[in-house]
Amino acid sequence: MQIRYLPENLINQIAAGEVIERPFAAVKELVENAIDAGATRIDVSLQEGGKSQIIISDNGCGMDAQDLAAAVDRHATSKLKGNDLVHIKHMGFRGEALASIGAVARLKISTREEGSESGFEISVEGGRKGEVMPSAHPSGTQIEVRDLFFATPARLKFLKTERSEYLAIKDVITRLAMAQPQIGFSLSHNGKDGLKLPATLDPQSRLSAIMGREFGENAMKIEAEREGLKLSGYAGLPTLHRGTAQHQYLYINGRPVKDKLLTGCVRAAYADVLHGGRHPLLALFLDVPSDEVDVNVHPQKAEVRFRDPGLVRGLIISALKHAIHEHGGAASSSVSNYALGSFKAGQAPAPSLPHHRGTPAVPRSYAYGGGGQSHAALQNAQAALHEPSSEPVFFEPVTPAHTQGSMAVDMAPAARVEHEAHEQVSVHSDNFPLGSARAQLHENYIVSQTSKGLVIVDQHAAHERLVYERFKNQMEESGIERQGLLAPEIIDLDEKDAARLLSYKEELHKLGLEIEPFGNGAVAIHAVPALLGAKADVHGLVRDLVDEIAEHGNALSLEERLNHILSTMACHGSIRSGRRMNAEEMNALLRQMEETPLSGQCNHGRPTYIELSLHDIEKLFGRR
Ligand code: ADP
Ligand code: MG
């Protein structure tokens, strides 16, 4: 065996494999260079998803002839003054982007230094560097990359479709642009406009240009500081969430990152208010003294390392939690905390319990609860899905016995109970594992008495699970029933979202959703699963599906993917919180839960009901 030194060209190709993995990585490096050059305008134009051509023009400082010749060499940079890898002030510092791109593509740089009379250009093709030549280029720099990876055919094979390369580029520019509102950005693809972000002095206007109005209206301002670390930005209210973490923009010292520590902090901060699978929208900027963070740990600088990760975690989590609590209603008192501690998350009851429907002993008060009728009642409930029913059939608002005196004022304002069925029901409530419904609280919680204590059911979460399971059954048996819409629903989406959704057209069709392209990022929905009913919120459903697909994409098996989509649809087909239910409907729901596997948790992993035993209740009241 003989060791030999690799030729420069090969070294550059190897390095390029890390730095320039795909077209978006080349664009990222080049846009970062333009930012570092002090540009106030950066225009990007692409052909074929950047595979055949990327042109980036900026009005930054430009280069003179000597710098231009050096710029394309490996480890040549103007950005590490004093060889200091700690106090990094620029986006770039490794001096390998241009060399790497030149090694694997046809690169041409035209530039003119600010205030200089003459411009220059240079070409590098597959690592072969040409001469610096005069050029009539105006002030600033234009970089042209053609035939990316022509020199490394192995890499060429791994490129994705034109569309997904384009979308990745759009994402990378958007992320950089968020932190640079003072720079105007534009992007075009195959001659068509893809992104236009005019320069602005107001970071918030850039933020809403990118995140949309909905975010602007539902965001909490974040501002916190601890031991020299500064956090600022906007975080969405917990009620504004998506199926993926895609809409989280995280920055460290102005650099967009996809750092696990930071995303973990976000998840932790929202854990109490947002459950598995849902993600808040936010844009957070962390400013850290440069000796507290090492940005030189990832070839594309997407991850960083902190000297004191605990400090960072503490700052981010507490700032977010603080904001959430301030905006999210009162904190619970110590008593209710204790009570909560005694509540146990429910587990699905064993399917073959002795007290099953149809036993002769079922008392007459169960006439509305048992057996085959439960299905019908639930379907009635479903028919009225999206309009809260105005008049409860069996229930009346509670009238406190003593209405005078301050104590009565805030007693159970939203509780409604079934008066006449009380005695009859309570005697036999132990007949069913989930007991019999006694009241609906806050239009979402069914309180039911069981032989051992009481159960509180989250009606939306529970029903979601039932719909999901029914979807799965339909799938297995006969395929999902479709229901055509009288007029197709046209839904405007982000181009990238529409493209992604349409690539699942066939799978969605099998699941009962008929979708067609409608031009310019819009899609037309022609049919929805019949289980969702004609009044389904198609817009909301499609938006969630888009997120669902973006998140899980190809990472899951077909079956898993279908289940995820079904689960998203189930959520839209479920009894909303806020819908009043009568006793019949509530008991029907309880009975169906008892018959449905996994009914103890909703599709997002939250419990669908909690149980408090008499023993616990007695403890709460100091009786034990
Ligand atoms: P780095 O950005 O890490 O320094 P690059 O290979 O990306 O390495 O760039 C090498 C050098 O070329 C930069 O340090 C900079 O001096 C010069 N350069 C690159 N792009 C531009 C540009 N758009 N405008 C002015 N100078 C540039
Ligand atoms: Mg660079």
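The paragraphs below lead through a predicted model, from the chain as a whole to two of its helices, three single residues and a ligand.

The chain has 624 residues, and buried residues make up 48% of them. Its secondary structure comprises 20 helices and 28 strands. When contacts with a separation of 6 or more are considered, 71% of them join residues that stand 24 or more positions apart. The surface that the chain exposes comes to about 30,200 Å², of which carbon and sulfur atoms supply 52%.

Two helices can be followed from end to end. Helix H6 covers residues 162–178, and the distance from its first C-alpha to its last is 24 Å, close to the 24 Å expected for its 17 residues at 1.5 Å a residue. Of these 17 residues 13 are buried, so H6 is largely enclosed by the rest of the structure. Helix H14, which runs over residues 459–477, has 19 residues that should span 27 Å at 1.5 Å a residue, and this agrees with the 27 Å that lie between its end C-alpha atoms. H14 is also largely enclosed by the rest of the structure, because 14 of its 19 residues are buried.

The two ends of H14 can be described as well. At the N-terminal end, Asp458 acts as a cap, with a side-chain oxygen placed 3.1 Å from the backbone nitrogen of His460. Beyond the helix comes Gly479, which follows H14 and has a positive phi, near 90°.

Three single residues show how places in the chain can be read in sequence and in space. Gln53 belongs to strand E2, which is made of residues 53–58, and its relative accessibility of 18% is under the 20% limit, so Gln53 counts as buried. Leaving aside residues up to four places away in sequence, Gln53 touches Ser45, Leu46 and Gln47 as well as Glu144, Val145 and Arg146.

Pro238 sits in the loop that links strand E11 (229–236) with strand E12 (241–242). Although it lies in a loop, Pro238 counts as buried because its relative accessibility is 15%. Along the chain Pro238 and Met220 are 18 residues apart, while their C-alpha atoms are separated by 9.9 Å.

Thr263 is found in helix H9, which is formed by residues 260–270, and with a relative accessibility of 25% this residue counts as partly exposed. Apart from residues up to four places away in sequence, Thr263 touches Gln248 and Leu250. Tyr249 is 14 residues from Thr263 in sequence, and the C-alpha atoms of Tyr249 and Thr263 are 9.8 Å apart in space.

The last stop is ligand 1, which is surrounded by 18 residues, the closest being Asn33, Thr77, Ser78, Lys79 and Gly95. The shell around ligand 1 is a mixed one, with seven nonpolar, seven polar and four charged residues. Backbone atoms of the protein approach oxygen atoms of the ligand at several places: a polar backbone atom of Arg94 is 3.0 Å from an oxygen atom of ligand 1, a backbone N or O atom of Gly95 lies 2.7 Å from an oxygen atom of ligand 1, and for a backbone N or O atom of Ala97 the distance to an oxygen atom of ligand 1 is 3.2 Å. Ligand 1 would expose 530 Å² if taken alone, and the protein buries 94% of that area.

Key: Residues numbered from 1 in each chain as written. Chains lettered and ligands numbered in written order. Predicted model: local features only at pLDDT ≥ 70, side-chain atom pairs only at ≥ 80, totals over all residues. Heavy atoms only, no water. Helix = DSSP H or I, 4+ residues; strand = E, 2+ residues; numbered from the N terminus. Buried < 20%, exposed > 50% of the residue type's maximum accessible area, 1.4 Å probe, protein only. Contact = heavy atoms within 4.5 Å. Near = heavy atom within 4 Å. Polar contact = N/O pair within 3.5 Å; in protein donor to acceptor, adjacent residues only side chain to side chain. Areas by Shrake-Rupley, 256 points an atom, 1.4 Å probe, with all protein chains shown as cover. Nonpolar A, V, L, I, M, F, W, Y, C, P; charged D, E, K, R; others polar. Expected span 1.5 Å × (residues − 1).
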